[in-house]
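Trainee: Could you take one part of this protein and walk me through it slowly? I'd like to see how the pieces fit together.

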Amino acid sequence: RVAAMAKSLLWKHFSQDEVGEYESLALAEDRQAQIATKFELDQENDRRSKALVGLYFHTMQFGLDNGWTHDKVSAFFSIVFQTHQDAMNNFWPVEYAFKEFKQTLLRHSVQRPPWSVGILSLRDAQLAVEFMTESYFRHYMLYKYAYTKRTTLDLSTSHSITETPPVFPGLSEAKTEEEVMKELEEAQAAVEPAPPMEISSEDLEGVPDEFKQVTKFSIAICCNLDIHYFGLEIKRDNAVAPKCSSQTKSCIMTNTAAFLICSRLWLTE
């Protein structure tokens, strides 16, 4: 009836017979093994289970070392058990967890039914607060670390081909037509012309007479004219060029340059 009042935790995890059986064990290893078996904890392979076995063992030892009766040992163990489970499941900060612990302890330290039951005395409650402050709450962050859920991040990267649009200069950087023409003229002036290729009468030695007649006629017309064709420049000094149209000059220069090229190829053969 007492356990049903004020949500009491009396005999919730340890019955009176179980507390007596636990107290009858002489060795600490046997008591820890009983706790591990009762709560199905693998303290050999699981770090959380090992931490819980240590917490539960020292809680039971605290009550027995202070000469508490079985009901006090059972109630205090359940208070610690519930505080730890609620704190780890909800990931409470240490201040809030300590506040909840004191409220639960108060409900078992004052005889005021149906809100609380006086299982523990005022002195017992003070000893319980000191014990939890020096043990559990001093290492509270270690318990939180052990109970922190591990999150595994699977990261994969993929390369996507995205065409980057060209960056056009702003209108503030635009140039006028005069500036552009000036830059082109400066660029053309900076280019060094190729050295001229001069062809003299000595170059025509060995050329058949029929080719020489045509060559002399073409050169006589193209005197003092620059012939630019395939990078060739032909000049004849001390002569007067006849006046003719630009189309005529272009035709004559083209034929003359082609003829001279063929002549030189023939000579090399």
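Mentor: Sure, let's start with the strands. E1 (residues 109-112) and E2 (residues 116-118) pair in the antiparallel sense over 2 bridges; two strands pair if DSSP finds at least two bridges between them. Arg112 sits opposite Ser116 in E2, and a hairpin of 3 residues links E1 to E2.

Before we go on, this is a predicted model, where local features need pLDDT of at least 70, side-chain atom pairs count only at pLDDT 80 or more, and totals for chains, interfaces and linings use all residues. Numbering starts from 1 along each chain as its sequence is written, and side-chain values use heavy atoms, with hydrogens and water left out.

Zooming out, the protein has 10 helices and 2 strands; these are DSSP runs, helices (H or I) of at least four residues and strands (E) of at least two, numbered from the N terminus. In order from that end, they go α-α-α-α-α-β-β-α-α-α-α-α.

Now look at helix H8, residues 177-190. Its 14 residues should span 20 Å at 1.5 Å a residue, and the end C-alpha atoms are 20 Å apart, so the two agree. The expected span is 1.5 Å times one less than the number of residues. H8 is hardly covered, with 0 buried residues. Buried means under 20% relative accessible area, exposed over 50%, and partly exposed in between (1.4 Å probe, protein chains only). Met181 belongs to H8, and it counts as partly exposed because its relative accessibility is 41%. Across the protein, buried residues make up 32% of the 269 residues.
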